[in-house]
Amino acid sequence: MIEKILRALSGAASDRTGSNTRTLYHWRCSCGAHSRGPGGWLISLDAEYAAQRHQWNKGVEHQMPEVYSTEEEVP
């Protein structure tokens, strides 16, 4: 229990150091398609919905694309 508290406190301290990164979500499919654009989505559910739309447009037999995240620097 104490270890969890210490980890949480160290994480909060590192957040205060001015981290200039953000998590962006993207999707990619085994057919070669992927999310377009220079950025991604800030919310994973938005990327999942875009991946679902790709699957729906391709048909019933098409596999669900993979949603993944990246850490990118904030300009």
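Which residues does W41 touch, not counting residues up to four places away in sequence? This tour of a predicted model returns to that question once the whole chain has been viewed.

**Stop 1: the whole chain**

Display the chain as a cartoon and follow it from the N terminus. The elements run α-β-α-β, giving two helices and two strands. Now colour the 75 residues by burial: buried residues make up 16% of them. With the surface switched on, the chain exposes about 6,000 Å², and carbon and sulfur atoms supply 52% of that area. Consider also how the chain contacts itself. Among contacts between residues at least 6 apart in sequence, 48% join residues at least 24 apart.

**Stop 2: W41**

Select W41, which is found in the loop between β1 and α2. Is W41 buried, exposed or partly exposed? Its relative accessible area is 26%, so W41 counts as partly exposed. The opening question can now be answered: W41 touches T23, L24, Y25, H26, W27, S35, D46, A47 and A50, leaving aside residues up to four places away in sequence. Add H26 to the selection and draw a distance between the two C-alpha atoms. W41 and H26 are 15 residues apart in sequence, and their C-alpha atoms are 6.7 Å apart in space.

**Stop 3: helix α2**

Select residues 44-58, which form helix α2. How far apart are its end C-alpha atoms? They are 21 Å apart, which agrees with the span of 21 Å that 15 residues should have at 1.5 Å a residue.

Next, highlight A47, A50, A51, H54 and Q55, the buried residues of α2. These residues cover an arc of only 145° around the axis, which puts them on the same side of the helix. A general rule helps in reading such a pattern: an α-helix has 3.6 residues a turn, so residues three or four places apart point the same way. Show the two strands as well, since the buried residues of α2 pack against β1 (21-28) and β2 (66-73).

Rotate the view to the face of α2 turned away from its buried side. That face carries the exposed residues L45, W56 and N57. Then move just past the end of α2 to G59, which takes a positive phi of about 125°.

**Stop 4: Q55**

Return to helix α2 and select Q55, which has its place there. The relative accessible area of Q55 is 18%, and because buried means under 20%, Q55 is buried. Not counting residues up to four places away in sequence, Q55 touches H62, Q63, M64 and P65.

**Stop 5: aromatic rings**

How many aromatic pairs does a search of the whole structure find? The search finds one. Select Y49 and W56 to see this pair: the rings are edge-to-face, 6.1 Å centre to centre, with 80° between the planes. Their accessibility may be compared by eye. Y49 is partly exposed, with a relative accessible area of 42%, whereas W56, at 52% relative accessibility, counts as exposed.

Now select R28 and Y68. R28 lies over the face of Y68, at 3.9 Å from the ring centre.

**Stop 6: E72**

The last selection is E72, found in strand β2. With a relative accessible area of 25%, E72 is partly exposed. Which residues is E72 in contact with, leaving aside its neighbours within four places in sequence? They are N20, T21, R22, L24, H26 and P38. Keep R22 selected and draw one more distance. E72 and R22 are 50 residues apart along the chain, and their C-alpha atoms are separated by 5.5 Å. H26 has now appeared at two stops: it is in contact with E72, and W41 touches it as well.

Technical notes. Residues numbered from 1 in each chain as written. Predicted model: local features only at pLDDT ≥ 70, side-chain atom pairs only at ≥ 80, totals over all residues. Heavy atoms only, no water. Helix = DSSP H or I, 4+ residues; strand = E, 2+ residues; numbered from the N terminus. Expected span 1.5 Å × (residues − 1). Buried < 20%, exposed > 50% of the residue type's maximum accessible area, 1.4 Å probe, protein only. Arc of directions from axis to C-beta. Contact = heavy atoms within 4.5 Å. Phe/Tyr/Trp six-rings, centres within 6.5 Å; stacked < 30°, edge-to-face > 60°. Lys NZ or Arg CZ within 6 Å of the ring centre and 35° of its normal. Areas by Shrake-Rupley, 256 points an atom, 1.4 Å probe, with all protein chains shown as cover.
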